[in-house]
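Student: Could you walk me through how to read a few features of a protein model? I'd like the general idea each time, and then the case at hand.

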Amino acid sequence: MWRYLYLHWLRLKESGSIFANELYRIFHDPGVILIFFVATLVYPFLYKAMYWNEQITNIPVAVVDLSNSPESREFLHKWNAAPDITLAYSCASMEDAEELLRDQKVHGIIYFPRDYAKQLADPLGQAHISLYCDMSSFLYMKGIYLSCNMVMLESLRNIQIDRYQKIGYSEEFSWELVQASPYTETTLFSPTGGYGSFLIPAVLVMVLHQTLFFGICMLAGTVREERKELYRLPGRKRGYSAFRTIFGRGAAYFLIYYALAAILLGFLPRLFDLPHVGSIIDILSFNVPFILSVIFMSICVGFFIRNREAGFVLLISTSLVFLFIAGISWPKEMIPVGWRVASWFIPYTWAANGFIHINSMGATLWQTRVDYIALWVLTAGYFALAILMFLIAGYRQDRKESRRDDVLKADLLSESFGTVYQTGG
Amino acid sequence: VLIREVKIILSRPLYLTSSVGAVMVSMFFFMTLMEGGVAEDMPVAVVDLDQTSISRRLIHEMQATPSVDVKIITNSFPEAREAMQQGKIYGIFIVPEGFYRDIASFKRPRMDFYITNAYTLGGNTAYKQMITVANLVSGAFQREVLRKKGMPDDVILKRIQPVKIEGHMLSNPWGNYTVYLVSTIMPGIIGLIALMLTIYSIGSELKNRTSRDWLKLAGENYTVAMIGKLIPYTIIYQALGIACHIILYNIADFPVQGSHTRLLLGLLLFIMAMEIMGIVIIGCIPILRDSLSVGALYAMLGFSLSGFTYPNMAMLPFIRALSYLEPLRHYYLIYVNDALLGAPPINSTPHALALAAFIIPALAVAPRLHHALIHQNYRLK
């Protein structure tokens with residue numbers, strides 16, 4: 001019994017030596033240090049700086065007001081008060097405005113036709129406003145359209161009320177008619193509604209996911225290149241242990257990345273003043289399967305990488321694919337079934353959505369259990385897969401080597417026999 | 001040198017898989033990811049506290065609109081809020097208690113709606129649709145009342161909407177997200193791979209200690225060696241770029257207002273600028289593995305800095321200045337000028353010149369890299 005336990009203790013100690021060995025390799029590899037520590041700590045700050053302003057304000061818009069009436073001027077005055085846009089130029093003709101747009105001096109044009117005021121004065125007229133929008137960024141369109149629409153709705157009501165009063169309805173009754181049911185809109189989870197508050201949490205998860213992924217693949221490629229064996233215990237010529245190797249290496253990565261994840265996902269949202277309504281304990285618990293599943297997935301992928309640099313070049317474009325397949329920028333409901341199923345195998349999909357639910361929307365771990373459990377399932381699955389692959393590869397390697405040893409022995413034997421024979425002769 | 005390089009490319013599968021393979025896969029991915037490119041049927045919840053024929057009709061009307069899909073109908077707000085926290089819905093529409101009674105007695109009951117900000121596109125789509133529905137409610141009520149007063153329908157319509165906005169989304173009238181995204185992201189991916197493979201192919205010469213053979217073949221001439229090495233790659237990338245261009249603008253029929261030739265010329269300049277940045281990086285750090293890491297970090301930043309998602313004008317001044325160090329920023333501006341705006345070529349010229357100017361730092365590091373190629377005096381790892 002004691003002997004049995006002691007044996008196990010010895011085996012665990014071997015895991016420990018793999019763990020120490022892996023840590024040594026990480027800290028003696030500038031390329032990996034750059035990816036693991038510099039990138040993870042610098043990228044968040046760069047993104048925060050990029051999205052510092054959160055909102056796009058004062059998008060320049062050109063005005064072509066052919067009606068030149070008090071009504072159109074009032075409309076423009078109201079619109080100009082909106083933070084999103086600023087009326088930068090007033091043009092005499094559409095051609096002039098189009099030229100400004102082509103020169104990127106403005107990103108939108110508002111056009112009042114000549115009969116705008118006349119139509120409004122006519123009790124049954126319908127006035128038209130044309131709005132032209134630069135589509136080079138969706139955020140221009142959003143800012144211009146939404147703010148203009150708001151002003152339009154407001155003037156629309158005022159005009160209706162004016163007209164009803166003219167046909168003898170009371171003001172109160174006109175309001176009851178025009179807006180029988182007013183509404184209040186509330187945006188939840190991000191008081192500023194900014195782009196950074198939306199994107200940076202997803203970027204933080206992406207930075208952790210991809211640097212860990214690339215780093216592990218680079219380390220795996222290095223080992224391959226140096227013809228050391230991934231699945232052999234250090235200092236041993238024979239025998240392999242998939243479980244102990246993976247356990248030991250995984251522990252080394254986990255130690256580093258759990259700390260990094262605590263900084264990036266726990267501390268930075270607070271430092272950056274991003275939404276952070278989630279419980280820190282939930283985030284720390286959520287990080288456990290997140291980091292583990294990425295580690296084991298990367299160990300599985302790293303298995304196929306024969307050369308350190310090649311792996312990096314091949315895998316670099318996965319970042320963009322992972323980002324979009326996860327359904328953050330583009331809603332997941334609009335992603336075809338095939339790609340959605342593919343996305344389930346990528347830890348990022350669950351991790352990013354789960355983190356947003358907890359951190360930005362204040363869900364509890366229980367409420368986002370689907371993502372949490374999915375990450376554990378991926379952890380278990382990739383761990384099992386890694387062990388299986390290591391066992392097969394280790395077994396093959398042993399067979400190959402023992403065959404080579406046999407040949408070697410036979411050669412030695414025949415050689416010595418030859419010597420004996422010669423001396424004998 | 002050229003022949004030697006072609007042989008290297010053919011001898012190692014990495015070059016073709018990572019360039020042709022990766023570009024094809026990403027192209028296929030982005031073209032099929034966003035069916036139609038317009039967000040439709042975004043799931044929302046309606047909290048129906050009224051539960052009358054009117055509130056049911058409102059739900060029905062909302063269900064009939066293309067952009068939202070009423071996934072959850074409940075009478076408990078916490079339930080809807082939890083669904084939102086789980087990412088199941090993008091908006092909550094609340095019909096207050098006694099809505100029917102109050103609206104019929106002209107008491108102007110207030111509707112509330114809540115929109116998530118944690119998912120921008122879904123939240124926005126739900127938001128626009130909810131405003132429309134809320135206005136429709138008032139419009140429908142107005143119509144009923146006026147009808148009872150005996151007003152004819154065509155007059156009512158003019159009464160209800162005295163002002164109308166006609167929106168024109170220039171060059172992308174459908175508001176298609178794919179057009180907008182793929183047009184910049186695909187060249188970006190080609191450029192990213194161009195940068196990485198340039199670092200890789202020069203770095204490998206250092207790593208495998210073959211750089212002297214390479215130089216010897218070029219008659220010890222650094223410039224000849226570099227140009228000879230990069231020609232085959234440039235041809236591959238430009239061919240990929242043209243293939244993407246044909247798929248995007250000829251087969252998928254994405255809009256191009258200006259000239260295709262200029263757009264492709266811009267792409268060529270962009271690819272060359274990315275290759276040159278590869279030379280600059282490997283020249284500064286003549287250690288293959290480290291410079292690959294640096295190259296990856298630099299190129300990935302280009303996607304955000306180019307400003308095609310979050311406009312450059314809203315960035316801090318020093319970040320805006322930084323963005324001009326990314327070739328993708330210049331390519332994006334050429335694309336906007338030529339494809340979207342149909343601007344005269346003079347508008348794109350500064351960006352084309354800027355892309356050409358990337359040669360300057362490459363000249364600056366040339367002596368250092370030349371030295372490294374001859375002496376191979378840097379560590380391997």
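**Reading burial, contacts, cores and cavities**

Tutor: Let's start with C91(A), which is buried because its relative accessible area is 12%, and buried means under 20%. Keep in mind that this is a predicted model.

Student: Where does C91(A) sit in the fold?

Tutor: C91(A) belongs to strand 2 of chain A, residues 85-91.

Student: And which residues does C91(A) touch, leaving out those up to four places away in sequence?

Tutor: Its partners are A62(A), V63(A), V64(A), D65(A), D96(A), A97(A) and L100(A). Take V63(A) as an example: it is 28 residues from C91(A) along the chain, yet their C-alpha atoms are separated by 5.9 Å.

Student: Let's try another one. Is I316(A) buried or exposed?

Tutor: Use the cut-off again: I316(A) has a relative accessible area of 1%, so it counts as buried. You'll find I316(A) in the loop between helix 11 (308-315) and helix 12 (318-325) of chain A.

Student: What does I316(A) touch, again skipping residues up to four places away in sequence?

Tutor: Look at the chain letters here. I316(A) touches F214(A), and from chain B it touches L192(B), M196(B), A296(B) and M300(B). For a pair with a wider spacing, try I316(A) and A261(A): they are 55 residues apart in sequence and 21 Å apart in space, C-alpha to C-alpha.

Student: What about a polar side chain, say H351(B)? Is it buried or exposed?

Tutor: H351(B) has 16% relative accessibility, so it counts as buried. It lies in helix 15 of chain B, residues 345-357. Beyond its neighbours within four places in sequence, H351(B) contacts H330(B), L333(B), I334(B) and N337(B).

Student: How do I go from single residues to a core?

Tutor: Think of buried nonpolar residues linked through their side chains. Here the largest nonpolar core has 280 residues, and W79(A), I110(A), Y348(A), F30(B) and Y335(B) have the most contacts inside it. Helix 8 of chain B, residues 177-207, gives the most to this core, with 19 residues.

Student: Can we zoom in on one of those? What does Y348(A) touch?

Tutor: With residues up to four places away in sequence set aside, Y348(A) touches A202(A), V205(A), M206(A), H209(A), F322(A), L323(A), A326(A) and N353(A).

Student: Now aromatic pairs. How many are there?

Tutor: There are 35 over all chains. To classify a pair, check the ring centres and then the angle between the planes. For F308(B) and Y332(B) the centres are 6.4 Å apart and the planes are at 50 degrees, so the pair is tilted. F308(B) lies in the loop between helix 12 (288-305) and helix 13 (317-323) of chain B, and Y332(B) in helix 14 (residues 327-341) of chain B, so the pair ties together parts that are 24 residues apart in sequence. Both F308(B) and Y332(B) are buried.

Student: Which residues form an aromatic cluster?

Tutor: One cluster is made of Y43(A), Y47(A), Y51(A), Y195(A), F198(A) and Y310(B).

Student: Last topic: how many cavities of 30 Å³ or more does the structure hold?

Tutor: The structure holds 2 of them. The largest cavity has about 100 Å³ of space. It is lined by 13 residues, and P187(B), G241(B), H245(B), L267(B) and Y331(B) are the closest to its centre.

Student: What kinds of residues line the largest cavity?

Tutor: By class, the lining has 10 nonpolar, 3 polar and no charged residues. Helix 10 of chain B gives the most to that lining, with 5 residues.

Technical notes. Residues are numbered from 1 along each chain as its sequence is written. Chains are lettered from A and ligands numbered from 1 in the order in which they are written. This is a predicted model: local features need pLDDT of at least 70, side-chain atom pairs count only at pLDDT 80 or more; totals for chains, interfaces and linings use all residues. Side-chain values use heavy atoms; hydrogens and water are left out. A nonpolar core is a set of buried Ala, Val, Leu, Ile, Met, Phe, Trp, Tyr and Cys residues joined through side-chain atoms within 4.5 Å. Buried means under 20% relative accessible area, exposed over 50%, partly exposed in between (1.4 Å probe, protein chains only). Helices (H or I, at least four residues) and strands (E, at least two) are DSSP runs, numbered from the N terminus. Contact means heavy atoms within 4.5 Å. On a 1 Å grid over the protein atoms alone, a cavity is a set of points where a 1.4 Å probe fits but cannot get out, and a pocket is an open set with protein on both sides within 12 Å along at least five of seven lines; lining residues have an atom within 4 Å of a point. Grid points are joined across faces, edges and corners, and a volume is the space filled by probe spheres set on the points. Ala, Val, Leu, Ile, Met, Phe, Trp, Tyr, Cys and Pro count as nonpolar, Asp, Glu, Lys and Arg as charged, and the others, Gly among them, as polar. Rings of Phe, Tyr and Trp (its six-membered ring) pair if their centres lie within 6.5 Å; planes under 30 degrees apart count as stacked, over 60 as edge-to-face and the rest as tilted.
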